[in-house]
Each structure stands twice: as C-alpha cells, then as structure tokens.
Amino acid sequence: MTNSNSVYVAWQAPDTRDWHVVGNLQERNSGYVFKYTKGALKSSKFTKFSGMTDVRETYVSEELFPLFKNRLLSPRRPEYPRFIKWLGLDEDDNVNPIDILARSGGLRSTDQLQVFKKIELDSNGQFEHFFFLHGLSYLNSMANDRVSGLEPGQVLRLCLDLQNDYDGDAVVVRVDKPAEIVGYCPRYLSNDIKKMLMNDPRSVALTVERISEDAPHNYRLLCKLSGTLSPACKSALIPQDEFEPIE
C-alpha cells in the first residue's frame, strides 16, 4: 500500500487547540480500510467517530465510509467542475475520492477535522507535494493584493517562525521584493518542513501552483512543495508516533 492511496485524519482538541493525527484511511482493490492512530489517545476530549467506536478495530468497507463520503462534493452539483479546478485536478481523469479528500482537506464547518496526505518520497528522496496556504483570511488588504498578483511557478519563501507562541514548528510563507507574509504552511506539514529546512534549506522549494480568485480563502492559493532530501533527512521524516496505528 503506497501513500498515494492513503490519507490521514487530523483533529483539533477544543481545549488546547492542538492538532492530533487520529486516523488513517486507505483505499484497496476491495474497498476502503480505516484504522485509528495513536494520536487518538493523546486527548481525553477526542470522541470516536460514528460507527467506529473501538480504537483497536480495523474497519473495512466496500464503499467509502460516511465520515469521508460526506466530505466530498457531489459530481452532480453545478459547482463541481469549478471546485475540481480550484484543487488543480483534472475532471476528465476520473478523479479519485482519496485525491479529492487529500487536496481539499475534507473540510466542514461543523467539526474540527482535516484530511491530508503525508509527504511521499521516491527511492532517490525526491518529492512533490501540493497544499493550500493557510491563514489567507487573516491577511490585510495589501497582502491580499500581493496574493492576487502571484503567478504560477513564482517562487515563495519558507521561513521558520520559532518564536510563535502557538506553534513552535510554524512555517511562514512570504514573497520577495518587497518581503511580505502571505500565509502559513498547514500545521500538519510544518514539522516535516521544519526538519527539511534545518537539515538543508536549499533542498526544498515552494512555488505557486494555482491562484483561484473566485475561490474561498482556504482554496485560493495552491502551492507545490518539492525537493530532494538526503538519507539523513529522510530518516528524520519517519512518521511520529501519532501516525502509527493502534494495535
């Protein structure tokens, strides 16, 4: 099973606002498999998902579980083609539900869950990973104008925000000439990106993949993270315990 057929579920604790990786969804030839991960044990506030109340159980289904199916926009909706375009996916390629969940984040306003993929490396340590920049809704008008003026392929700068009171792994994204912050990397990726930057800042690059002016803030700026990691850095990216399945 490759990472391309697998996504993780992150959950935000209501008291601490910390994010925890609580589950893993995999697509297989016979359907879908879901298992809770050790992050589900980190907070007493976490409530198991409906129909999946045993954290040590392996759940198997021929169809996508309702928890995830309800996070997909129906292809019958008139806005579906525009939504797929925002995600930078090709509607003509029979887009996979796993890919849609990973790219969109499976966001809903009624809960604190986010779906995402781990960064997948090839045998040479090379990778490409796409994500939407976070925090655009908090930008002032000048910063929003800078975002509107970005072009596909334009280089963005990754900057560690080590003195961030809320997240010591936070990674700020800025543009140059003049320098201006345009958002943050998603929190579920920031720890890995921080490790890459600390190991070799020139081993990783961030560029603009797509700007969608008609999209909500959370789908407005799609970025591509790419690079080639050394064996030492690759080993540092071995999934933390929160990603490990509960046995």
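Two residues are in contact when heavy atoms of theirs lie within 4.5 Å. The exercises below apply to a predicted model.

**Exercise 1.** Describe the surroundings of Ser-203, stating where it lies, whether it is buried or exposed, and which residues it touches.

*Solution.* Begin with the position along the chain: Ser-203 belongs to the loop between H5 and strand E10 (204-211). Next take the accessibility, where the cut-off for a buried residue is under 20% relative accessible area; Ser-203 has 10% and is therefore buried. Then list the contacts, leaving out residues up to four places away in sequence, which gives Met-196, Ser-226, Gly-227, Thr-228 and Leu-229. Finally, turn to the side chain of Ser-203, which reaches the backbone oxygen of Asp-200 at a distance of 2.7 Å.

**Exercise 2.** Characterise the second largest pocket by its volume, its lining and the elements that contribute to that lining.

*Solution.* The space in the second largest pocket comes to about 340 Å³. Its lining is made of 18 residues, and those nearest the centre are Trp-19, Arg-187, Tyr-188, Asn-191 and Glu-242. Two or more lining residues come from each of strand E2 (19-28) and helix H5 (187-199), with H5 giving the most, namely six residues. Sorted by chemical class, the lining holds eight charged, six nonpolar and four polar residues.

**Exercise 3.** Follow Glu-242, one of the residues nearest the centre of that pocket, and determine which parts of the sequence it meets in space.

*Solution.* Glu-242 sits in the segment after helix H6 (231-236), and because its relative accessible area is 15%, it counts as buried. Setting aside neighbours within four places in sequence, the contacts of Glu-242 are Trp-19, His-20, Val-21, Thr-37, Lys-38, Gly-39 and Lys-42. For Thr-37, the separation in sequence is 205 residues, while the C-alpha to C-alpha distance to Glu-242 is 6.0 Å. With His-20, the link is a polar contact between the two side chains, at 2.9 Å.

**Exercise 4.** Classify the ring pair formed by Phe-34 and Tyr-36, and place both residues in their aromatic setting.

*Solution.* Ring planes over 60 degrees apart make a pair edge-to-face. The ring centres of Phe-34 and Tyr-36 are 5.1 Å apart and the planes stand at 80°, so this pair is edge-to-face. As for accessibility, Phe-34 is buried at 0%, and Tyr-36 is likewise buried at 0%. Both residues are members of one aromatic cluster, which also includes Trp-11, Phe-46, Phe-49, Phe-65 and Phe-68.

**Exercise 5.** Explain why helix H3 (residues 97-104) can be called largely enclosed, and describe what is found at its two ends.

*Solution.* Of the eight residues of H3, six are buried, so the helix is largely enclosed by the rest of the structure; the buried ones are Ile-98, Ile-100, Leu-101, Ala-102, Arg-103 and Ser-104. At the N-terminal end, Asn-96 acts as a cap, with a side-chain oxygen 2.7 Å from the backbone nitrogen of Ile-98. After H3 comes Gly-105, with a positive phi near 85°.

**Exercise 6.** Analyse the backbone at Lys-177 and Pro-178.

*Solution.* The peptide bond joining Lys-177 and Pro-178 is cis, with omega of about -5°. Pro-178 is placed in the loop between strand E8 (171-175) and strand E9 (180-184), and Lys-177 also lies in the loop between E8 and E9. The phi of Lys-177 is near 55°, a positive value in a residue other than glycine. With a relative accessible area of 81%, Lys-177 is exposed.

Methods. Residues are numbered from 1 along each chain as its sequence is written. This is a predicted model: local features need pLDDT of at least 70, side-chain atom pairs count only at pLDDT 80 or more; totals for chains, interfaces and linings use all residues. Side-chain values use heavy atoms; hydrogens and water are left out. On a 1 Å grid over the protein atoms alone, a cavity is a set of points where a 1.4 Å probe fits but cannot get out, and a pocket is an open set with protein on both sides within 12 Å along at least five of seven lines; lining residues have an atom within 4 Å of a point. Grid points are joined across faces, edges and corners, and a volume is the space filled by probe spheres set on the points. Helices (H or I, at least four residues) and strands (E, at least two) are DSSP runs, numbered from the N terminus. Ala, Val, Leu, Ile, Met, Phe, Trp, Tyr, Cys and Pro count as nonpolar, Asp, Glu, Lys and Arg as charged, and the others, Gly among them, as polar. Buried means under 20% relative accessible area, exposed over 50%, partly exposed in between (1.4 Å probe, protein chains only). A polar contact is a pair of N or O atoms within 3.5 Å; within protein, one must be able to donate a hydrogen and the other to accept it, and residues adjacent in sequence count only if both atoms are side-chain atoms. Rings of Phe, Tyr and Trp (its six-membered ring) pair if their centres lie within 6.5 Å; planes under 30 degrees apart count as stacked, over 60 as edge-to-face and the rest as tilted.
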